Amino acid sequence: MTISFLARRSEYGPPVVMGDEAIMSKKAHGTSAVPVQDDLRWACDKDTADRICNYNRHYAEHSGYFLSKQRNFVSLARKEFEQNGVLTFYDSNTGKPLFRFHVGQRTFDEFIAESRAHGWPSFRDDEVDWKNVRILKGGEAVSADGTHLGHNLPDRNGNRYCINLVSVAGRPVN
């Protein structure tokens, strides 16, 4: 899916941390210094992740990818959230935390419902780890290390970060 037809802004207000286009410059592995991790969470396909994370600026995994039975995302995510009180999504390249779903503005079921309605995991401002996430002019969401994540597609409730599951299926690095 391409999102070039959507209206884009050049700036977003706080708490958004804007990034410079240089973040996505060519590096050792596409736009990242490293390839995607070998053992991605939720049975995400490594080749798909590598293509979307490191060699892409406009396209996404297919709508509903995160809902496929093969991934079992909803059940596994719910279990992790119930055990830990937070569900952390890590960069598929570096393993750095990018998004943390926690009970705040909405429940887990509301998070899943909004994500299902839009076709991709959808995060809000208070769920973004701004130390590691940047928004580029035009709304592209990227990691500070050059991983393509998705896009900021604001709606009547504010900023909504529509994110590829393959981009945030990494495992934390110690």
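Begin by selecting helix 2, residues 73–84, in this predicted model. Helix 2 is made of 12 residues, and the distance from its first C-alpha to its last is 16 Å, close to the 16 Å expected at 1.5 Å a residue.

Next, display the side chains of Phe73, Val74, Ala77 and Phe81, which are the buried residues of helix 2. These residues lie on the same side of helix 2, because they cover an arc of only 90° around the axis. Turn the view to the face directed away from that buried side, where the exposed residues Lys79, Glu82 and Gln83 are found. Then add strand 1, strand 2 and helix 3 to the display; these elements are among what covers the buried residues of helix 2.

Both flanks of helix 2 merit a selection. Gly85 follows helix 2 and has a positive phi, near 75°. On the other flank, select Asn72, which is placed in the loop between helix 1 and helix 2. Asn72 is not a glycine, yet its phi is positive, about 55°. Most residues other than glycine have a negative phi. Is Asn72 buried or exposed, or does it fall in between? With 38% relative accessibility, Asn72 counts as partly exposed.

Proceed now to the largest nonpolar core, which has 36 residues. Select Phe73, Phe89, Phe99 and Tyr161, the members that touch the most other members of this core. Colour the contributing elements as well: helix 1 (46–54), helix 2, strand 1 (86–90), strand 2 (97–102), helix 3 (108–118), strand 4 (133–135) and strand 7 (161–163) each supply at least two residues. Which element gives the largest share of this core? Helix 2 does, with 4 residues. In soluble globular proteins, nonpolar side chains tend to be buried together.

Within this core, centre the view on Phe89. Leaving aside residues up to four places away in sequence, Phe89 touches Arg41, Trp42, Phe73, Lys96, Pro97, Leu98, Phe99, Phe101, Phe111, Phe123 and Val168.

Then move to Thr88, a residue of strand 1. Thr88 is buried, since its relative accessible area is 8% and buried means under 20%. With residues up to four places away in sequence again left out, the contacts of Thr88 are Arg41, Glu80, Pro97, Phe99 and Arg100.

Select next the open sheet, in which 5 strands follow the order 3-7-6-5-4 with antiparallel pairing. Strand 3 (122–123) and strand 4 are the edge strands; each has a single partner strand, so one side of each lacks a neighbour in the sheet. For a detail inside the sheet, choose strand 6 (residues 148–152) and strand 7, an antiparallel pair joined by 3 bridges. Asn152 has Tyr161 of strand 7 as its bridge partner. Tyr161 has already appeared among the core members that touch the most others.

The tour closes with two backbone features in the segment before helix 1. Select Ala43, which is found in that segment. Phi of Ala43 is positive, near 55°, in a residue other than glycine. Ala43 is partly exposed, its relative accessible area being 39%. Finally, select Pro14 and Pro15; Pro15 also has its place in the segment before helix 1. The peptide bond from Pro14 to Pro15 is cis, with omega near 15°. Most peptide bonds are trans.

Key: Residues numbered from 1 in each chain as written. Predicted model: local features only at pLDDT ≥ 70, side-chain atom pairs only at ≥ 80, totals over all residues. Heavy atoms only, no water. Core = buried A, V, L, I, M, F, W, Y, C linked by side-chain atoms within 4.5 Å. Buried < 20%, exposed > 50% of the residue type's maximum accessible area, 1.4 Å probe, protein only. Contact = heavy atoms within 4.5 Å. Expected span 1.5 Å × (residues − 1). Arc of directions from axis to C-beta. Pairing = 2+ DSSP bridges.
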